[in-house]
Every structure is written in C-alpha cells, then in structure tokens.
Amino acid sequence: MSDYILELSNITKNFPGVKALDNANFKLKKKSIHALLGENGAGKSTLIKIITGVYNQNEGKLFLNNQEKSFSSPNEAMNAGISVVHQERNLIRRFSVGENLMLTNLPKNNLGLIDYNTVAKESKKWLDIMELDIDPNTIVSDLTVAKMQLCEIAKALSLESKILLLDEPTSSLSPQDTKNLFALLKRLVAEQDVSIVFVSHKLEEVFEICDEVTVLRDGKNACESEQITNLNRQKLVKLMIGRDEQIIKSKKNIDFTDESLLDLQSINTDLGHKNINLNLKKGEILGLYGLVGAGRTELIKCVLGLDKINSGQILLNNKEIKIKSPKDALEKYKIGYISEDRKKEGLILMHDVLSNAGITVWSNLKKILSFLNDSIVYNKVDPYVKQLEVKTPSYQQIVSNLSGGNQQKISVAKWLASGTDILFIDEPTVGIDIKTKSYLHELIIELSLKGTSIILITSDMPEMISLADRIITMKDFKVVGETINNHNYEEMSSSIMGNIHE
Amino acid sequence: MNNKIPNFVKTNQFGLLILVIVFICIFSFSTDGFTSRFNIYALSRVVALDIMIGLAMMVVILTGGLNLSLGALGVSAAMFGGWCMESMGIPISITIILVLAFGSFLGWINGFVTVRTGVHSFIVTLATMSIYFGFMTLLTEAEAFRKLPEAFTDFGSLKLFNKYISPLLIISVLTCFVLYYIFKYTDIGRKLIAAGANPDAAELSGISVDRMFIYCHMLSGFLAALAGIMLTARIGAAIPSMAGHLGFDWLLPAFLAPVLGGTLLSGGKVTVFGTMLGAILVTLINNGLYLIDVGEFWVRFFLGIILLGAVLLDRAREYFTVKNSIVS
Amino acid sequence: MSALLKKDWFGLGLVLIFGSILISLFKPAFISPFNLYVLMLSVSLMLVVAMSQMIIIAIGQMNLSVGAIGGLVAISFTGLMEVYSMSILPAVLIGLLIGLACGFINGYITVKTGISAFIITLATLYIFKGMNLGITEAQPFYEIPEAVKFFGNAKIFGPIPYLVIIPIIITVLMWILMNRTSLGRYMLAYGNNVQSSELIGISSTKIVIYAHVISGLLAAIGGMLVVCRLQLGTPNIGDSWLLPSFAAPVIGGAILAGGKVDVIATAFGVILVSIISQALVIFKIDPFFVQIFLGFMILLAVFINRYREYREERRTKVFSDE
Amino acid sequence: MKKFIIFLTSFFALLVSPVFAGGHGVTKVALVPGGPHPYFAAWEQAGLDAVEDFGLGKADYRVPAEWDLSQQNELIESLVGQGYNAVLVFPGDAVGTNKILGELDDAGIPTAALAGCVEQPTQAKFCFGTDTGHSAYLGTKELIKALGGKGKIAHFTGFLVDPNTTLRINAVEQAVSEAGGGVEIIQVIADIDAYEPADEKINAFMAAQGSEVDGIVTTAWVPAVVAAQALTNMGDKRIKMVGIDHDEVVLKAIKDGYVHGTMLQNPYGQGYIGSYVMDKVRQGCEFKADAPWKSTAQTDQFIDSGTVFVDISDVDTYVMAMRGISLEILETFDSTYLNCPS
C-alpha cells in the first residue's frame, strides 16, 4: 500500500491544436495539503477537470486508493469522494444554507418528501465540524462572501469527500477570514482524514499552509511533489515562469504638499459611506486598501455617479463638479475606471477586440453625422494594443476566446486610448499570471510617471506596497488611516493592518 | 485561419440565402403561379411589411428585451395618421413625419418605463400593448379612417419595374441599408450594440446605457409606425383591426424574421440583412405553401416545421463552422 | 409577522381580501353564491394554465406553446369521443399522452440543441396549432358525453363546482413538487444557476425534459377542463391563454430569469386576475376601457412587486457588509 | 429549369416576361371566408353542389387559417396563382378588403362580397349576404316583442375592432329606442369572440345582473353559443334570449325552451347562388341598370340572401324554409338582375 490517495501518472490531454497536458504526473498523499501551481494556461485547470471527471485524458492513468479509475461525469467523481470548491460561487443563492449542503442527497420522510427538519439537523452537523456559526435556515444570498466560501467547503465535506480541490479559495477573503480558513483546513486534514489540493496565485499562502508542491509549466511537470521546505519564493517563481521574478519598485518623488487634482470632501453616500475625505495629487498612485466589504469599489462607483452621493463635494482642480454617470466622468472630466470584474463589467466578451478596445473613444472619433468606421477606430487604438503586447490573431477576434491576461490588457488598453487624466484601477491583477502581472505593474508606474493620476484598489498587499505612493485604508465604508508608502513590506503591512484592526 | 472558405459563407445570412434560393427553385418548379407577375408583386408587398416589422422587433431584441406592443403601437400610429389626414386635413408629408414622431414617442414610453423601473420589457410591453390598443379603440371608437388622400393610397398600389415590385419593398430595403449603416458606421450604432451586449461594461466604459435602451425602443416605435403607414397605404385605409386583436398578428413575423436571421435573444447582436432574408424566407414559404395547396389549415403546421428545421439547420451550421475554426 | 411579510403570497393575499371586501361593499352581488361559483370556475381553469407556465418559468425558460398544446388536446379529446365513440377514460388518457408527448418534444429539442426555449416553443406553437387546425378544419366537435358536461357544470354543494377539484389537487401537488421533492428543488436550482446545478450532478436533460413534460401534461388537463366547461371542443381553445399564463406567475412574484416561483402566490395571482376581470363586468366598465384598465393593472402589480424586491435587496446589501 | 431562369431574370433583372394572363374558359370560383368559423362551413357543400348543378370548373371553399386581414389577403393573392378566376369573399374588413378586390378585378378576376359587404366605392360586383345591422335590429325587435314591450336587456357582441360590431350596437340601440321607453339596455359586453373569455364574462354578467335582466340579445356567433349554454346550465327560462346563427347549441336551447329564438342567415344559399352568379358574370353577363338593389349602410348594390327569425315553432323546419328562400332568389335571379349575351 502506498500512502497516495490519488495518483495521476503520465497524463496527456489533447485539445484540437493544443496539447494541454503532456505526460504530467500528480500524486496526492493522504492527509496532506498539496499545492498545484502554474501560470494561466499551464494546464492546472485541465488537470483538475480530469480529476473531477469533466474531461477524460487521452493518455495516462488515474488511481484512486491504488485502484485505476476513470470518471465519465462530475457526478461519478463526486460519488468517489472527490469534491471541488470552485472560484465561482456555486451555491444556489435563493436556497437555504442547509438545503445547499444537502442538495445532492436531500433527506426524505416516509412519504418520500423532503424533510426540512432533518435537512437542518444534518447540515448543522457539518457546520459544527467547521465551527461555523450559521443557522442552516439562513438564505445563502444573505451571507457574506466569506461565509459563502466556507459553506462551499462545508458542502464538499457533507458529501463525505476525502479529497477536496480548492480553486483560489482565498481570492475574495479578507486576511482574517483567510486565517480562519487555513486553521480549518489544517484541522480537517488532521481530524477528518481529508486530503486537499490547493490552487492559488498567492505564493505566501502556499508557504503558509501546504506540505508539498507540484508545478506545471506548458502542460509538463516543472516539479513534482516537492517538499515545501525545500523551496523558497524565488525558486517557486522560477519554476512557474521559467525565469527569475522581476521585482519592481516605484521610485518617484511626489510632493504631497502640492495642490490636489481630485478632492473628495466629507462624502456621504446612499450605500453608507460616512464622511469620506480623499485627495489625489497629479501623477500619484493612491492606494485604497481594505477588506472585501470595506466599501472601496462602492466609493468609486458613487464618485462615477452610479450610486447616489447624499452630501459632500467632489473638487477637480479646486472646482466643484457633479458627475452624473461614467459617461459624464469620461467625456467631461477625463476620468476612467478599470473594473475588477473584467468579464462582467470590463469587457463585452461576445464582441471583437477592436470594438472592445475602442469603446471609450468612439465619441471622440465620430465624424459628421456620427460617422465612424473600423479604420478610424483602428488607427486610434492600434498603438495602445501594440504597446500592451496583446496577443490576438486579429482585431476581429472575439474577446472571450482570448486568455485572461490578454483580456485584462484590452480592458486597460481602452482606457489608455481614451487618454484620461485620472484612472481608477480596481484589482488589476486578480487571476492574472505572474508574467502579465508584472507587466501590468510596470505599466501602471509608467502611466503615473507620464502624469496620469491613479487610484488603485487592490487586496493584494505586496502589489499595493510595490505600486502605491500613498495608501489609504478603509473599513466599514469609512477611511481609517493614511500612510505614505516607503515600500518596506513588513513596516507597511503591519501599519496598514494596524489601521484596520484598531 | 482557414482562408479557403470566405467568411460570408460561415454566416447565418449565407445559410438563409441558400434556403431562399432552394425554396424559390422548389416553388417555381412545383407550382404554376409562383412566378406570375401578380404573385411576385403580391409577395413584394408582403415581404416589405414583414421586413419592417422584423426590424422593429430586432432593434429591441438587441437590448436583450422584447417588444410585445409592436402591433398595437403600429396600429395606433397608423390610426393617428388616418386621423391627421382625414379629420385634420394635414398634408401627407407632414402626416408621415407626425406619425413617425408619434410612434417614436410611444416607443419612448416603453423604453422609459423599462429603464426606470427595471422591470423586464416583456412585462412592460405586455401592459403597454393593452394600454395603447385600448386607448386607440377608445379614441377612435373602433371606426376606421377610410377617406384618405388618393395620392397616399395610390402609392400603396403603385407597381414598379414592369409591374413586378411594390414601392413599399423599396422603402423596406432602403431602411435596411440605413440601419446597416447606422449599426456599422456610426458612433451611436456601435454604442447601441455595446449597451445591448453587456450593459454593465458599456456603462462603465462611458456609454449611457439607459439612454441607448430608450433609443432602441424609440427606433422600434419609429419602425413600427413606418410599418403602420405602409400597411395603411397598402390597404387604403387605417383600420383598427388591421393587425388583429391587440396587434397580435404582427408578433409572429416580428419574431420569425430576426430569429431566423440570427439575432440573439440575449441581445448584443444585430443582423439587419439576416432579418431581411428571414422575412423573405417566411413570406416565400407561406406563399409557396398556399400555392402548393397543402390545404390552408396545414400551412401553419408546415410553417412551424420549417421554422424548426431552419433553426436546427442553423445550429448545425454553427456547430460545423465552430469546429472548423478550432481546427484551423 | 416579518417572516410572513417576506412571503410573496402575503401581500397578494391582503390585496385579495381587501379588494373583495371593497367590491362586495359596493356590489353585494359579488359574494352571491352564483357569482362565487362563476369566479371559482374561471379561477379553476386559469389555475392549471398558470401552473403549466410557472413550472417552465421556474427553470428560467418560457413556453409559448401552452395554449397550442391545450387546444390540440382539447380537440383530440372531444374528437376521439365524437368521431371514434371512445369512452371517457381512454380519451382522457390519450389526451394526457398527447400533452406529455408535446411537452417531451419541447423539452427534448430545447435541451439537446441548446436553442432558447422561446424559439423552440414558438415553432412548436405553430406545429401544434397547425395540427389542431388541420385535423378540425376549424370546426368544433359538439358530441360530448353527459358525464363530461355534468362534470363541467354541476356543483358539489353550495357554490362549489366539481370542476374545481382537479385544479385544487394540481395546485397542492405542484406545491409539494416545488417545495418538498428533490425534482422540484432541482428545477429551482437549475433555474437559479444552470452551471452550478450541473456541477453538483443535476442532469440538465432530465430537469428540462421533466419540466416541459409536466407543463405539457398540465396544459393538456387545462384543455380538457375547458372542454368540460364549454361543453364543446372548439379548435380555438387555448388561444387566449398566453397572457394570463404569464401574468399570474409574474404577479405572484416569479422572476422570468428563473429559479424563483411561488405556487401559492401564483394561485393568488390567478384569483386576482379573475376578480379584476369580473369586477370590470360587475361595475359595467365601458368595454372600450377594459383593455386600458387591464394594462395598467399588470403594470401596477409588477411595480409593487418590484418595489418590494428593491427594498429587500437594499436590506440584504447592508447586511452583507457587516 | 427554364421556368426558374425566367423567374430569376424577372425577379432580379426585372425584365419583361409576363407569365400570367387573365383567364377564359371554365369558371373556377374560390369561396373565401374571413377566417375559420362554423358559420361558413355550409359554403363548402354549397360550392360542391354548385359545381355539380351549374357545371362550374371548381367552387372551392378556401379558409384563411386565422381571422386576420393580411392572412386573408395573402390567401387571396395566392389563389390567383392557383388559377382561380372568380372570388367570393367575406371581407376581412369592410374597407380594407376593397384594395385586393380592386386588384383582382384589374387582373380580370371578378369578385363579390359574400355574407358581409365591403363599403363603397368598390370594384366588387355586388354584395350578397345579410345586412348585419338590420339583422341585429330585427332580432332586438323580436326580443322586445317577446318581452311584451318592456324590460331590461343586455347585448353581447363580438370584437370591438370589427366595424360590424359598431353597426350592431347601433342597430340594437335603435330598436330599443323605437320601443318607446319601456326597454332599457343595461349592459353591452363586447370583445368576446372567443369561447373562453366569452364564458368568463357572460357568466360574470349572469352572476351580477342575472336577477335584474329580462332579455338578452346576442349578435355574434360565439356569444350566442355561450349565452345559450349559460342559460341552459342555469336552467333559467325567465330570461328571454334572442341569438344569432344556427349553432347546434343555440338550436337545442331553443328546442328546450331556454332560448326564445335566433336570427338565421343563409350561408348555404350564399355559397350556392354566389358561385352561380360568378359563373354568369364570367360568361359576360352584366348587371341590369335597373336591378332592384337594396341599400345598406355600406353599399347600395346589396342582394339580401335572406334572414329568418326562428323560434321553437319552426326550429325543426328552418332548413326547408331557407332552401325555399334560396330557390326563390335563384329562380328569379337571371331575369331580375342580369343581362346576358345570348
């Protein structure tokens, strides 16, 4: 008996034109937390889909408890004790927590009807195991994002799963919630005989929680079941991207006594922001840090006129302005917003590259009688698309067919093309591979050096500390602190977290 | 990329064109009267109206919505036109402008209520359908306007091109070109499409989505009113029942043409010429079925079967071309 | 109390009670036994039709062919009895079978092709209605067995018609289905989020086909009940179903995107629509006004619902921001 | 293939190639109702009989699949392609149908309005049918007579957008006003041309006003059927009702005593004689300048196909009575109306 609960050997998976996996191996030890890492497109998600029965491999074998298996549907994998907790929340929002937990196997009474008392009782068991204080009758849509994530894990556990695949489980969690989650995962491994596959872009977390690491690069193993203790951050990054990570730091001298370009004064909003004061200098990168639910994105949306500002003033160059809509912001005041949710708010996935990259400039480019053709738009946006090294076969390519990184580049390109003075950038690198990520970082710095003023929202502390000139901390829809960034990670992070947990 | 097949061949329009030609062949061979001057002229008139109605629905489908009030709106506008000409003695040209403005206004109401309340346009236009039609019957007391200027009614029976084609068809085809131009070559057209495809992203990219949606509904009202005028000219009178009870008779061509033409019900895609071909296909089939003499009562049955066949065929074509493009 | 307030049917129930009281204060005839009988009849028929649409709304689709199925079954049912002198029971069974087959066709094509149900049922609407017209050539069937006529018009006791029995049973069964069986819950889960329900192993094929089959069966029952009521099988049975079939569930708070329907609220929606159209007759509203009035009523009902939803959304937003 | 090439050239290049020419030879009549409706069912047999009796080429009953003016127009247009050379139409709209009739006439195809009239000016040769307004008027008169000259009555009728509906409403009002104050219309219910809404509204009316109302006049097919059914179901013989048309339900209710009577029209005669006359017209007959036309609100080239009031006394024999009227019209038609080339 080997002590591997799950073993994949020499897996090859071909898609038309692409070899997604090429002789990849993956071994999961019993009662361990195993990190599966790799750049976007390295084959991680293909591997996960093979494990969970969504795809079948072309070559290679899959062993579960030393027995060869092949799953033809997610259901079969689930019945064999393999559960995946997806990045996208997969709970039924209008159902109660308890029903969600028990959905695949709803308890019935003698008449064959669902017995909701038992549902509550049974599901409570799993919530208790996770030490979650949630009433099973709560409707999911009433929960916080963090609790939804935990409920997803509880759901996986309730299926008596012995293997949990967690796909970016912390991407929307606050540091505190992340800590709680990790404590829970460790306990599950120790007490419930669960083995965990952990997928994340946040390397700090990998070092914090994982025992072993498998890295994929271009569909092949860059390393296989390496002990975490044998690795450090630099080595890991090198394994993932095949070269050393370039660490960038903004070297700028902003005179913070200068007049502000944009000034928010005692802003109170319909969404619940209280007395927000903010100012942005010319050429500055102002970081907005806070936990999910601190009201940062919401504040920006209020400034853009999408929700109501009840009192307070917005000054641009010391003149009071009223922004009615993003259109107003763009056309009158040259303010742009790069959304955190590029699929939903950033891009029109079903449209081609040209119309996505050009959407912000149509109004400026239109000729008499609102005439506009492709070549006018092309001439305008082409330099920016080239500058950003967007990889696309043509401008007629539908955006949804591009990789996440290239999509993000396009949603940045359209704002570069629009030539705004002020850019609000919201979580620019979520789910982006390291190469594109560092590229985008350079770009943001370059932009600010050229005079664009930027408000940067990110939950990625290292990103914040390497990019921002000044960091504002928000909590519960209020500003709770302001720090000038000295780019020293330890100092800055403890100061920011201090602001939050005061 | 597979360059051997031109892009046009992969489109829905091409499939439709083939179907249209196939059906023309079938009907020309199997029936006597299909190619008669009378029949072609009659076809051209029916097609003209179906295209216009289809376009009026298409521009709302663009927003991911529906306009059930289309028929009621068109008839109301036509009745308004009849009133202008007959009771008020307003000249034809001014009447037409007024009618189009009136149709746009009713469309604006649809759009405004939809945008402001956030209620799906299916429900809003379901209600306004009743309201427009109700007001129309109330105000006209269901009386038709029958004494329209001759210059106006003569236009509807004018025969062009050696008496084969109705001028109404020319109006519809011109409208297609204008719409194609708007959607392809203007700032506003691009914004309409972007707003329909992803309202959130469009809004954040500086497009006033609400306004665009209202424009779409206004355009729909405009086109429906135009269809109303055309129908009035065709039958020589403005009649409350000319689109059936509540304007229901327009709904079928309104949906068939854009749907066959490849317009996505979820919004964000327009197919002006697809809609035109869709309307032509439906009219052809309808006419051909009558001529082949399948029995009037079975016409709808076959129409349904053919509609189903056409969408399935289109799906197969899509499947085939998508596969193709991954491989190449 | 606050738990009640959250229910979709509660507000509607209040509107119904106060509305009825108000109407009967002005027109005592409203609560006369005969009027109640008439009201129950119209509610009974529309209830089945509304349920038939509701279950499709639950999975986030639309069924435009509800009326066409009802009409086809109605004329098949009477045709079998008149032309082939079939006895009632086998005629009913064949009627149900036809409804089942129609629903299966809708569901199967929709789920296998991935084409929107709106388009598929638009096409089948023509096919089913075309078959109806082709078979009958628009002529009604008159020869209805006495038992069927009796069922359509007799009263159990007081003002309660026999006809109400089946719709009530169906409503109860639908409530159980949507609230107490895994099939119903899976349908709602599917309507809520297709992707995630597939990930937890719910079979789309099964859910969509079942929903359409049930819809077809209910439409079939609706068609046959109308035959009992009208005592003739006319081909245009079902022609007027489309609007009320959507109106009742939507007034009852159903979301067209799917995943949220309420059986009780839908039933209340049916009653509300019936009371309104009856009140229009009782109050002798000018026939020219009826259309306008109905239009405004639909808008009003939806606005109220929408407003409530909006307030609820606000509340949950604040909650989740802890 | 040749035909197809001809078509393509004509369609796309719009070259001259007249394929169709107006007809000579045998008469092929199409009988086109406004939509599927039991009233017109008798036309089918009438047409077949006319073919047999008068030696026509064809006299086919062709029904638009729906009550829809444009569907009817499309059907009529396609009939030309199918070689019909005479068309009898129940006008989908009294004015709207004129246009297509004019076009047929221009193409050498004679037309006439059957059962209902088109409004003048028209190119239809004549209108042969029932004066809808007059029929409603006579029915109301009969009802008032049955009520003994006083009482409250209700009027149920069809689609508001049908111009005939307005004529009927006015005619009923006129008959009531002539009754001299004893009779009052307490409610008009319209827009009930489909069974289900009719059932709902009529029953709601019965529930609310059933005890007050003394008489009911119905002037459309569906309301007549539904109201007769409702009275039968209620077992109410107090309320006097006068219906329209010959639906089995109405006739049975008359026999059972729940309905006072019905205004019968003569659809068979319309189809039979209409087909005959179209053949004559195609053979070159002209209408006499001094033909004894009747005038209605819509046209002054009207020939009455006969209306009879039927109650319990003659409900079993009305078919014979109708046939008698038809034969009478037919026998004298040539001499009264036509000038034929010898």
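**Entry 1: chains B and D**

I started with the pair D and B, which together bury about 4,300 Å², 60% of it on carbon and sulfur atoms. A reminder to myself: this is a predicted model. I then looked up who takes part, and found 47 residues from chain D and 49 residues from chain B in the contact. Of the five pairs of chains that touch, B and D have the most contacts.

Next I went through the polar side of this interface. Four salt bridges turned up between chain D and chain B. I looked at one of them, where the side chains of B:Arg45 and D:Glu77 come together at 3.0 Å, N to O. I also noted eight residue pairs in polar contact between chain D and chain B, both partners at pLDDT 80 or more.

Which elements of chain D give two or more residues to the side that touches chain B? I listed α1 (2–13), α3 (69–81), α4 (96–106) and α6 (163–178). The most comes from α3(D), with 10 residues. Sorted by class, that side of chain D has 26 nonpolar, 10 polar and 11 charged residues.

**Entry 2: a glutamine in α3(D)**

While in helix α3 of chain D I stopped at D:Gln72. Is D:Gln72 buried or exposed? I wrote down buried, because its relative accessibility is 0%. I then checked its company beyond four places in sequence: D:Gln72 is in contact with D:Val32, D:Pro33, D:Gly34, D:Pro64, D:Val89, D:Phe90, D:Pro91, D:Gly92 and D:Thr97.

**Entry 3: chains A and B**

I moved on to chain A, which has no contact with chain D; their closest C-alpha atoms lie 30 Å apart. Chain A does meet chain B, with 32 residues from chain A and 27 residues from chain B in the contact. The area buried between them is about 2,300 Å², and carbon and sulfur atoms give 60% of it. On the chain A side, A:Lys327, A:Met350 and A:Trp362 lose the most area to chain B, together 23% of what that side buries.

I counted three salt bridges between chain A and chain B. One I looked up joins the side chains of A:Asp374 and B:Arg190 at 2.8 Å, N to O. There are also 11 residue pairs in polar contact across this interface, both at pLDDT 80 or more. At least two residues each come from α10 (326–333), α11 (342–346), α13 (362–365), α14 (374–387) and α15 (404–418) of chain A. By class, I have 16 nonpolar, eight polar and eight charged residues on the side of chain A that touches chain B.

**Entry 4: helix α13 of chain B**

Here I did a quick check of length. Helix α13(B), residues 272–292, has 21 residues, so at 1.5 Å a residue it should span 30 Å, and its end C-alpha atoms are indeed 30 Å apart. I found 18 of its 21 residues buried. Just after α13(B) comes B:Asp293, with a positive phi near 70°.

Before this helix, I looked at B:Gly262 in the loop between α12 (251–261) and α13 of chain B. I put B:Gly262 down as buried because its relative accessible area is 12%, under the 20% limit. Beyond four places in sequence, B:Gly262 touches B:Asn12, B:Lys269 and B:Thr271.

**Entry 5: a loop in chain A**

Last, I looked up A:Phe477, which lies in the loop between β19 (470–475) and β20 (478–484) of chain A. A:Phe477 is buried, at 6% relative accessibility. I also noted A:Ile276, 201 residues away from A:Phe477 in sequence but 8.3 Å away in space, C-alpha to C-alpha.

Key
Residues numbered from 1 in each chain as written. Chains lettered and ligands numbered in written order. Heavy atoms only, no water. Contact = heavy atoms within 4.5 Å. Buried area = accessible area lost by both parts, 1.4 Å probe. Polar contact = N/O pair within 3.5 Å; in protein donor to acceptor, adjacent residues only side chain to side chain. Helix = DSSP H or I, 4+ residues; strand = E, 2+ residues; numbered from the N terminus. Nonpolar A, V, L, I, M, F, W, Y, C, P; charged D, E, K, R; others polar. Buried < 20%, exposed > 50% of the residue type's maximum accessible area, 1.4 Å probe, protein only. Expected span 1.5 Å × (residues − 1).
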